[in-house]
Amino acid sequence: MAQKYIDNYKEKGARKRLVDALQKKGIQDAEVLRAIGTVPRHYFFAETFWNQAYKDIAFPIGEGQTISQPYTVAYQTELLHIRKGDKVLEIGTGSGYQTCVLLEMGATVYTIERQEKLYEKTKYVLPEKMGYKAHFFCGDGSIGIVKHAPYDKIIVTAGAPTVPDVLLKQLKIGGVLVIPVGDEESQKMVTILKVGEHDYEKIVLDTFRFVPLVGDKAW
Ligand code: SAM
């Protein structure tokens, strides 16, 4: 059956309650909260599962992957300090939900997914069904997308064993990389600010559990 794209009072109410819950969990950036409160997360679910769409949980999207938990999306987005017009590289498009949150905040998004089926679906659904326009790529994002570098911000939405140097090289000076780093069980959220051509300031934050980043500079 065809997916429905209807945003009615029930979903809007559930979305508002999700935003309130994220605020209570510590998300403070008003623009991040506005974006989460705007992007219709139920569009990423089959209608039978719409009752799950505004719970603060990750959910299967096929190909063994998940749409990230809203708190995780909000947490990573807050760390990026998005400004309108920022050029952002997202590694791990998945459903495209995080992509929409970034677009909603006025970023230009280059997003790459290694699983062809997810890439094909998301690159069609986002612009055609939801009106969100990004630059979609299929391939190994652990090496970045050098052709379109440098970026103001880079976000990795899968767990990496280490920080790939190649991603740091693709950041502008003043740019920020947000990446979960750890083993298969858990990862620490790491932010790296590029302060000079070869100078970086690294902060290690909270623990999360992501699907693995699989690729040449990853698992
Ligand atoms: N942000 C996404 C969302 O909101 O739906 C969630 C993404 S899911 C947690 C992580 C994604 O990273 C998966 O779709 C996976 O296939 C993808 N991935 C893993 N390794 C990758 C790589 N080297 N390059 C690109 N995508 C990768």
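User: Which residue in β4 is the bridge partner of Glu90?

Analyst: In general, the strands of a sheet are held in pairs by backbone hydrogen bonds, and the pairing is either parallel or antiparallel. Here the bridge partner of Glu90 in β4 is Thr111. This is a predicted model, in which local features need pLDDT of at least 70, side-chain atom pairs count only at pLDDT 80 or more, and totals for chains, interfaces and linings use all residues. Residues are numbered from 1 along each chain as its sequence is written.

User: How many bridges join β3 to β4?

Analyst: Two strands are said to pair if DSSP finds at least two bridges between them. Names such as β3 refer to DSSP runs, numbered from the N terminus: helices are H or I runs of at least four residues, and strands are E runs of at least two. In this model β3 and β4 run parallel and are joined by five bridges.

User: What is the order of the strands in the sheet?

Analyst: The sheet is open and has seven strands, in the order β5-β4-β3-β6-β7-β8-β9, with mixed pairing. The edges are formed by β5 (135–138) and β9 (199–208); each has a single partner strand, so one side of each is left without a neighbour in the sheet. From one strand to the next, the twist averages 15 degrees.

User: In which sense do β3 and β6 pair?

Analyst: Strand β3 (residues 87–91) pairs with strand β6 (residues 151–156) in the parallel sense, over four bridges. Within this pair, Val88 stands opposite Lys153 in β6.

User: Which strands does α3 touch where it packs on the sheet?

Analyst: Helix α3 touches β6, β7 (171–182), β8 (187–196) and β9, and its direction makes about 150 degrees with that of β7. Helix α5 (residues 116–130) also packs on the sheet, where it touches β4 and β5; its direction makes about 165 degrees with that of β5. Such angles run from 0 to 180 degrees between N-to-C directions, with axes fitted as lines to C-alpha atoms, for helices over the stretch in contact. Two residues are in contact if their C-beta atoms, placed from the backbone, lie within 7 Å.

User: How many residues of β4 are buried?

Analyst: A residue is buried if 20 or more other C-beta atoms lie within 10 Å of its own, exposed if 12 or fewer, and partly exposed in between, with C-beta atoms placed from the backbone. Strand β4 is mostly covered, as five of its six residues are buried.

User: Is Ile61 buried or exposed?

Analyst: Ile61 belongs to strand β1 and counts as buried because it has 20 C-beta neighbours inside 10 Å. Apart from its neighbours within four places in sequence, Ile61 is in contact with Thr66, Ile67, Gly94 and Ser95. Although Ile61 and Ser95 are 34 residues apart along the chain, their C-alpha atoms are separated by 6.8 Å.

User: Which residue is covered by the annotation "active site"?

Analyst: The UniProt annotation "active site", from an unreviewed entry, covers Ser68. UniProt positions are given in the numbering used here, feature names are shortened, and annotations may be inferred rather than shown by experiment. Ser68 lies in the loop between β2 and α3 (70–80). This residue is buried because 26 other C-beta atoms lie within 10 Å of Ser68. Leaving aside neighbours within four places in sequence, the contacts of Ser68 are Ala58, Val73, Tyr97, Gln98 and Thr157.

User: Which residues come nearest to the ligand?

Analyst: A residue is near a molecule or strand if its C-beta atom, placed from the backbone, lies within 6 Å of it. There are 26 residues around the ligand, and Gly92, Gly94, Ser95, Gly141 and Gly215 come nearest. At least two residues of this shell are supplied by each of β2 (65–67), α4 (97–104) and β4 (108–113). The largest share, three residues, comes from β2.

User: How many residues of the shell around the ligand are nonpolar, polar and charged?

Analyst: Ala, Val, Leu, Ile, Met, Phe, Trp, Tyr, Cys and Pro count as nonpolar, Asp, Glu, Lys and Arg as charged, and the others, Gly among them, as polar. The shell has eleven nonpolar, twelve polar and three charged residues.

User: Where is Pro150 found?

Analyst: Pro150 is found in the loop between β5 and β6. The peptide bond leading to Pro150 from Ala149 is cis, with omega near 5 degrees.
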